Amino acid sequence: NAFLRHVNLIAGFGIAPDTAPLLTDLGGAEGGDFDDLLARQRVGDLLQDAFDEIGGFVAGQADLLVDGLGQTRELACWPPGADMNSFEWRVSLATVDRPGPFSAFPAIDRQIMLLGGDGLHLRSPGWEHRLEQRWQPFVFSGDDAVDGAMLGGTSKDFNLMQRRGLW
């Protein structure tokens, strides 16, 4: 049912399966029938609330993005304390406020999902994608040379990076 699809969406971003009970309000008792769009919006609202709560980017709490396009807030990584060259997976929230190239992460599979703002037009040799619809994950290789053009103002996004072959 739609509830399980959205729990799988959350799990697809590497969020621990034991957090699924926190989402039971999405479908009422036993994850009953409900409109898929409404469920997607509720999952998105949970992520937006998390962004607002812990991704508020107070000075000293956020790092500049490696590529210099904005700020990022690491939510979790494995193993704990791993740096950008040694993590197995990493979950973060980011605010992107200017166009430019994304950082390359060889051997890393990436997922990005717009949480708020106007979005980005992502371009790479062989593909392009408009990240303009909230709560819709987009998967791409960290090996790809990606350029991000602003679709308006600042964008907030949720990111998952996983070292290929480990997860």
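Here is a chat between a student and a tutor about a predicted model, going from the overall fold to single contacts.

Student: Let's start broad: what makes up the secondary structure of the chain?

Tutor: There are two helices and ten strands. From the N terminus on, the order is α-α-β-β-β-β-β-β-β-β-β-β. Of the 167 residues, 42% count as buried. Among contacts with a separation of 6 or more, 66% are between residues 24 or more positions apart.

Student: And how much accessible surface does the chain have?

Tutor: About 8,700 Å², with 54% of that belonging to carbon and sulfur atoms.

Student: Why is R90 with E74 called a salt bridge?

Tutor: The cut-off is a Lys or Arg side-chain nitrogen within 4 Å of a carboxyl oxygen of Asp or Glu. For R90 and E74 the N to O distance is 2.9 Å, so the pair qualifies. The pair also links distant parts of the chain: R90 belongs to strand β3 (residues 89-96) and E74 to strand β2 (residues 70-78), 16 residues apart.

Student: Are those two residues buried or exposed?

Tutor: Buried means under 20% relative accessible area, and partly exposed runs from there up to the exposed limit of 50%. R90 has 7%, so R90 is buried. E74 has 36%, so E74 is partly exposed.

Student: How do you know that R130 and E132 form a salt bridge?

Tutor: By the same kind of check: the N to O distance is 3.3 Å, and the limit is 4 Å, so R130 and E132 make a salt bridge. R130, at 40% relative accessible area, is partly exposed, and E132 is partly exposed with 45%.

Student: What about R164 and D143, what makes that pair a salt bridge?

Tutor: Here N to O is 2.8 Å, which is within 4 Å, so the pair counts. R164 is in the segment after β10, while D143 sits in the loop between β8 (138-141) and β9 (147-150), 21 residues apart. R164 has 36% relative accessibility and D143 has 44%, so each falls between the buried and exposed limits and counts as partly exposed. D143 and R164 are also linked with D109 in a network of salt bridges.

Student: How many salt bridges does a search of the whole structure find?

Tutor: Five.

Student: On to the rings. Why is the pair of W127 and F138 called tilted?

Tutor: First, the centres have to lie within 6.5 Å, and W127 and F138 come in at 5.2 Å, so they are a pair. Then the angle: under 30 degrees is stacked and over 60 is edge-to-face, so 55 degrees leaves the pair tilted. W127 lies in strand β7 (residues 127-131) and F138 in strand β8, so the pair ties together parts that are eleven residues apart in sequence.

Student: And what makes F138 and F140 a stacked pair?

Tutor: The planes are 25 degrees apart, and stacked means under 30, so the label fits. The centre-to-centre distance is 6.0 Å, so that is within the 6.5 Å limit. F138 is buried, with a relative accessible area of 16%, and F140 is buried too, at 6%.

Student: Which residues form the aromatic cluster?

Tutor: F102, W127, F138 and F140 form one cluster. The structure holds four aromatic pairs.

Student: How do you know that H121 is buried?

Tutor: H121 has a relative accessible area of 8%, and the limit is under 20%, so H121 is buried. H121 is in strand β6 (residues 120-124). Leaving out residues up to four places away in sequence, H121 touches E128, H129, R130, D147, G148, A149 and L151.

Student: Why is H121 with R123 called a polar contact?

Tutor: The side chains are joined at 3.0 Å, and the cut-off is 3.5 Å between N or O atoms, so the distance passes.

Student: Last one: what makes W167 exposed?

Tutor: Exposed means over 50%, and W167 has a relative accessible area of 56%, so W167 is exposed. W167 is found in the segment after β10 (155-163). Together with W78 and L166, W167 forms a nonpolar patch on the surface, with about 370 Å² of accessible area together.

Definitions and conventions: Residues numbered from 1 in each chain as written. Predicted model: local features only at pLDDT ≥ 70, side-chain atom pairs only at ≥ 80, totals over all residues. Heavy atoms only, no water. Patch = residues over 30% accessible without salt bridge, like charges linked within 9 Å, V, L, I, M, F, W, Y side chains within 5 Å. Areas by Shrake-Rupley, 256 points an atom, 1.4 Å probe, with all protein chains shown as cover. Helix = DSSP H or I, 4+ residues; strand = E, 2+ residues; numbered from the N terminus. Buried < 20%, exposed > 50% of the residue type's maximum accessible area, 1.4 Å probe, protein only. Polar contact = N/O pair within 3.5 Å; in protein donor to acceptor, adjacent residues only side chain to side chain. Contact = heavy atoms within 4.5 Å.
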